[in-house]
Amino acid sequence: MRILVVGQGGREHALCYALAKSKKVKEIYAAPGNPGMDEIAGRVDINAENIEGLADFALNKNIDITVVGPETPLALGISDEFNKRGLNIIGPVKEGALLESSKVYAKNFMRTYSIPTAFYEVFDDYRKAMEFIDGQKFPVVIKAEGLAQGKGVIIARDKREAQEALEDLMVKKVFGSSGERVVIEEFLEGREVTVLAFCDGNTIIPMLPSRDHKRLFDNNEGPNTGGMGAICPCPDVDGNLMEDIYKKILIRTLEGLKKEGIIYKGILYAGLMLTKEGPKVLEFNCRFGDPEAQAVLPLLKSDVVEIFESIINGNLDKQTIEWEGLFAVNVVAASGGYPGKYEKGKKIIGLEKAKQKGALVFHSGTLKSGNEYYTSGGRVLSVTAMGAKLNEAREKAYDALKEIYFEGMHFRKDIGLY
């Protein structure tokens with residue numbers, strides 16, 4: 001089979017890694033991909049948002065399955081275009097992707113279908129939003145309605161921070177049109193968990209629960225990022241809790257989508273808070289998380305291509321999905337200054353030594369010149385290691401990361417301790 005992976009980050013590198021393990025796969029292409037994938041995938045110079053170009057390529061190359069990594073192509077309707085042309089694709093249609101591309105749609109959807117989430121109000125008027133926060137208990141959570149590369153969520157600890165957030169989103173438009181409408185919601189306390197699930201429109205099967213570490217600094221301090229590391233599975237999520245999540249969140253979401261007339265085929269991402277009242281949804285995404293994918297996919301024992309085929313064919317209920325009985329820890333190495341301004345072009349050393357220690361190295365923002373790798377993004381790469389116990393996986397990941405260096409390199413030292 002020929003597989004096309006859309007995207008260029010660490011998540012897409014992890015997808016290529018999982019696909020390359022399948023005996024069914026003959027060729028893997030990544031559009032646009034990154035140089036870290038070169039050993040397992042052919043890079044194609046087509047931007048992830050060039051939907052017609054990707055569909056043309058898939059037709060011309062007789063691609064059997066296309067897997068979409070990032071959210072923007074899904075929000076733009078890549079699956080609708082591929083379906084129209086009779087091409088197999090893993091990812092929901094544009095209407096299904098609204099669960100991620102519109103925070104307002106997602107919150108209203110949850111209210112309609114009794115899916116537990118935080119209390120909220122929606123505003124498109126800056127003055128009314130400012131008036132609303134006058135009467136609120138703090139902290140509150142303020143979200144840009146649209147896509148903002150995982151950075152459009154602000155936890156305002158007091159009234160001043162809330163006012164600054166509203167001004168940034170609605171007046172200064174730091175995230176463009178994404179902040180024209182905002183959701184202001186109650187702050188939920190507890191521990192965060194991500195539950196990814198495979199879905200074929202009629203059946204939904206959860207993957208192992210994972211935990212992303214979004215804050216830039218240790219002890220969950222500093223600004224939000226796209227993610228500084230992940231663990232899988234979460235040791236504090238037992239079978240009873242997973243059953244609760246399955247029944248109250250995943251099944252209700254699937255049933256709601258069906259009632260809306262949406263055949264959701266692809267990956268559903270439920271970002272959850274484990275509160276005293278039970279699990280509540282913080283956000284839905286319509287694809288694999290990054291960096292959650294880099295911790296979850298290496299633990300998948302079953303053939304991922306067979307799972308994707310069952311999603312396409314609508315017989316996921318016949319599929320048995322097996323996992324390695326191990327823990328995985330993923331640690332992201334970022335450029336100095338990320339998530340703000342950062343310099344590019346810093347030489348990366350030690351990648352092979354890290355691999356020799358038994359770790360997987362997934363590239364996110366790298367360039368290659370000759371035989372040398374250089375930084376080209378905020379999140380540059382990440383290291384995943386596995387072990388029989390969480391602490392063992394954690395020690396192996398950090399031991400491998402010690403071998404890697406580039407000027408300004410920053411990483412959290414406490415991934416797996418929370």
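A nonpolar core, as used here, is a set of buried Ala, Val, Leu, Ile, Met, Phe, Trp, Tyr and Cys residues joined through side-chain atoms within 4.5 Å. Buried means under 20% relative accessible area, exposed means over 50%, and partly exposed lies in between (1.4 Å probe, protein chains only).

This is a predicted model, in which local features need pLDDT of at least 70 and side-chain atom pairs count only at pLDDT 80 or more, while totals for chains, interfaces and linings use all residues. Residues are numbered from 1 along each chain as its sequence is written, and side-chain values use heavy atoms, with hydrogens and water left out.

**The cores**

Let's start inside. The largest nonpolar core has 49 residues, and those with the most contacts inside it are Ile78, Leu250 and Phe284. Helix α9 (residues 239-259) gives the most to this core, with 7 residues. Helices (H or I, at least four residues) and strands (E, at least two) are DSSP runs, numbered from the N terminus. What does Leu250 touch, not counting residues up to four places away in sequence? The list is Val195, Ala197, Ile204, Pro206, Ile245, Leu268 and Ala270, where contact means heavy atoms within 4.5 Å. A second, separate core of 44 residues includes Val5, Ala14, Met37 and Ile65.

**The sheets**

Next come the strands; two of them pair if DSSP finds at least two bridges between them. One open sheet has 4 strands in the order β6-β9-β7-β8, with antiparallel pairing. At its edges stand β6 (120-123) and β8 (153-156), each with a single partner strand, so one side of each is left without a neighbour in the sheet. Neighbouring strands of this sheet are turned by 20° against each other on average, direction ignored. Within the sheet, Ala144 has Val182 in β9 as its bridge partner. Helix α8 (residues 159-171) lies across β6, β7, β8 and β9, and runs at about 5° to β7. For such angles, axes are lines fitted to C-alpha atoms, for helices over the stretch in contact, and the values run from 0 to 180 degrees between N-to-C directions.

Another open sheet of 4 strands follows the order β11-β10-β16-β17, again with antiparallel pairing. Its edge strands are β11 (204-206) and β17, and each pairs on one side only. The twist averages 35° from one strand to the next. Between β16 and β17, Gly271 stands opposite Glu283 in β17.

Strands β1 and β2 form a parallel pair. Here Gly7 has Pro32 in β2 as its bridge partner. Strand β2 (residues 27-32) is mostly covered, as 5 of its 6 residues are buried.

Three strand pairs are set side by side below.

| Strand pair | Sense | Bridges |
|---|---|---|
| β7 (residues 140-144) and β9 (residues 182-186) | antiparallel | 5 bridges |
| β1 (residues 2-7) and β2 | parallel | 6 bridges |
| β16 (residues 265-275) and β17 | antiparallel | 7 bridges |

**Helices meeting helices**

Helix α6 (residues 103-112) has Lys103, Val104, Ala106, Lys107, Phe109 and Met110 buried. The buried residues of α6 pack against α5 (94-101), β6, β7, β9, α9 and β17 (278-285). The axes of α5 and α6 come within 6 Å and cross at roughly 95°. That makes α5 roughly perpendicular to α6; angles under 35 degrees count as roughly parallel, over 145 as roughly antiparallel, 65 to 115 as roughly perpendicular and the rest as oblique. Leu98, Leu99, Glu100 and Ser101 of α5 make this contact with Lys103, Tyr105, Ala106 and Phe109 of α6. The residues of the α5 contact with α6 divide into 5 nonpolar, 1 polar and 2 charged. Ala, Val, Leu, Ile, Met, Phe, Trp, Tyr, Cys and Pro count as nonpolar, Asp, Glu, Lys and Arg as charged, and the others, Gly among them, as polar. After α6 comes Ser114, whose phi is positive, near 55°.

Helix α1 (residues 10-20) and helix α11 (residues 304-313) pack at an angle of about 100°, with their axes 8 Å apart. These two helices, α1 and α11, are therefore roughly perpendicular to each other. Leu15, Ala18 and Leu19 of α1 meet Val304, Val305 and Phe308 of α11. In the contact of α1 with α11, 6 residues are nonpolar, with no polar and no charged ones.

**A residue in α13**

Glu392 is found in helix α13 (residues 390-401). Is Glu392 buried or partly exposed? Glu392 is partly exposed, with a relative accessible area of 36%. Glu392 and Ala328 are 64 residues apart in sequence, and 9.2 Å apart in space, C-alpha to C-alpha.
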